[in-house]
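Thanks for sharing this one. Here are a few notes to read alongside the coordinates, starting with the sheet and moving on to the cores.

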Amino acid sequence: MVVLSAIRCALSAILTDLSAIRCALSAILAGLSAIRCALSAILTGLSAIRCVLSAILADLSAIHCGLSAILTDLSAIHCVLSAILTGLSAIHDASFSNTNGILLISTFIIRIEARSKERLLDILMNVENFLQLPMTKDFTVVAGHNGLHKPVHNVEILDFEFSPDIQTVRETIFTPNSVVLSSLLFAKHKPEYLWNAVKNLIELGASALAYKPVIYEDLPEEVLVYADEQNFPILRFGGDEFFEKIILETMAYAKTQDYSFFLETIMRRLMEEDVTAEQIKSILQQVNKPFEKYVFVANIQTQEHTNSQWMHSLFHLEPLLKSGMICTYKKSLFILMTHPSQEFQFEKLLNEWLTMYAISTDSLTFGYSRCHVSQVELPIAVREAFYARIMAEIESSPICHYENLASDCLLIELHRKDPQFTMNYVNSYLGPLLEEKVDPDLMKTAITYVVKQGNIKEVAVAHFCHPNTIRYRLSKIRQLVAPLENDYVFYERIAAAVKLYLLHSKIDVE
């Protein structure tokens with residue numbers, strides 16, 4: 001009995017402890033439930049915060065887009081004001097420099113007028129450009145293929161204007177050089193209205209008619225024949241493109257073209273004028289980008305000089321150039337990048353970008369500048385890249401670095417600063433080879449001889465003939481240009497003359 005009592009007491013104690021444990025566990029569970037509720041509340045709060053932040057980011061993105069558009073407009077305005085200020089400065093200098101001030105002013109005004117015309121021609125969109133917009137890329141040219149060069153100054157909508165049943169309420173129906181968009185609703189069930197409409201558009205100076213195939217899938221044959229005769233493009237919509245979006249995209253393209261002209265104008269100044277340090281600083285401020293201390297430049301040209309379509313893919317790199325820019329100059333393309341370090345591997349990074357965007361370099365020629373200080377030596381870097389690319393073309397090489405040109409740099413600078421003097425030398429030395437009565441193979445052989453650095457075997461391979469034939473031609477060349485010179489002097493002089501000749505020829509083609 002005593003044992004059983006002891007066991008009962010022990011079991012009672014255990015039960016008491018278990019009850020205490022159960023109470024403790026219940027308290028822990030209650031605490032965990034409270035924590036879970038608190039965490040749920042926190043997560044709900046974070047979701048709300050995330051929604052607010054997303055809304056804020058969306059608003060900021062919209063603000064950023066608006067500011068970018070404003071900056072583009074301000075850059076274009078700044079470009080115009082800079083040209084006016086430059087003009088006023090030139091007029092001021094001309095007025096007080098000497099007695100020939102009036103003549104200088106007249107010359108300046110003529111140049112400004114010529115540049116304005118050149119600018120107008122450069123920034124115009126034509127029908128072919130219009131068809132390359134994202135909204136119009138699926139359009140089809142159904143007539144007037146020979147008129148795709150016509151300029152496009154505006155995009156307008158044709159609604160009722162050519163319907164004989166409605167009296168025209170506007171004195172000027174459409175502005176000249178417009179692309180006219182229409183659903184051709186005015187000619188529903190009356191296809192005879194279409195021929196008169198096209199005729200009226202041509203007389204009003206419209207550049208093209210683009211119609212949505214909702215009323216007419218295909219236009220009458222006589223309309224298409226007439227449009228072909230008049231070289232008037234008729235375009236058919238590719239789908240359900242909205243008129244308003246087409247108009248907005250055309251306006252955006254015009255703004256981009258204007259800014260591109262602004263950058264090309266700056267590049268012309270850097271290439272063709274002696275720009276001071278203060279002017280360089282002003283130019284960098286106008287571009288309005290965070291340029292770093294050192295600048296690296298590449299100049300690119302295609303070996304197929306057919307059109308400028310090859311540039312479009314390279315402009316995809318523009319968003320990556322946070323501290324640089326990409327712009328055209330004549331028929332080539334410049335890519336400028338700045339960096340805080342002189343050791344920056346610009347060429348390597350550019351090649352990585354080209355690979356990332358799957359841009360083929362098979363038909364491209366590259367010229368690379370040395371590293372220069374952005375605020376002082378930017379024009380030097382630009383010119384180095386340009387002339388390095390020219391020398392790469394002369395040597396039939398895909399890439400040329402200015403730092404590897406050695407004594408050719410002297411010829412480049414001589415030609416740049418005094419092209420008339422250099423061409424006088426070329427004509428005096430190579431003149432006998434350039435005469436019409438002389439075998440043209442002699443000049444071709446002289447060029448290859450210099451490009452191949454005097455290697456007779458390589459010259460023979462390039463001309464598909466025996467080395468002895470090349471030796472015979474070289475002896476004929478020496479008889480004509482330098483009968484008394486030894487081998488070393490002959491190569492030195494003909495190399496300089498041929499390189500200057502090729503340099504001038506390449507630049508003249510640009």
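**Notes on the sheet and the cores**

1. This is a predicted model, and a good place to begin is its open sheet of 5 strands, ordered β2-β7-β6-β5-β4 with mixed pairing. The edges are formed by β2 (140-143) and β4 (154-158), each of which pairs on one side only. On average, neighbouring strands here are turned by 30° against each other, direction ignored.

2. Have a look at the β4 edge next. Strand β4 runs parallel to β5 (residues 178-182), and 5 bridges join the two. One bridge to find on screen is that of N154, whose partner in β5 is S178.

3. At the other edge there is a helix to inspect. Helix α5 (residues 221-229) lies across β2 and β7 (234-236), and its direction is at about 90° to that of β2.

4. Now to the nonpolar interior. The largest nonpolar core has 67 residues, and those touching the most other members are M267, F334, V382, L430, I477 and I494. Helix α10 (residues 374-394) supplies the largest share of this core, with 11 residues. There is also a second, separate core of 23 residues, with V180, Y193, A197 and I234 among them.

5. Which residues is F334 in contact with, leaving aside its neighbours within four places in sequence? The list includes M267, M271, V297, A298 and N299, as well as M325, I326, C327 and Y329. Contacts of F334 with V382, A385 and F386 belong to the list too. Both M267 and V382 appeared in point 4 among the core residues that touch the most other members.

Key:
Residues are numbered from 1 along each chain as its sequence is written. This is a predicted model: local features need pLDDT of at least 70, side-chain atom pairs count only at pLDDT 80 or more; totals for chains, interfaces and linings use all residues. Side-chain values use heavy atoms; hydrogens and water are left out. A nonpolar core is a set of buried Ala, Val, Leu, Ile, Met, Phe, Trp, Tyr and Cys residues joined through side-chain atoms within 4.5 Å. Buried means under 20% relative accessible area, exposed over 50%, partly exposed in between (1.4 Å probe, protein chains only). Helices (H or I, at least four residues) and strands (E, at least two) are DSSP runs, numbered from the N terminus. Contact means heavy atoms within 4.5 Å. Two strands pair if DSSP finds at least two bridges between them. Axes are lines fitted to C-alpha atoms, for helices over the stretch in contact, and angles run from 0 to 180 degrees between N-to-C directions.
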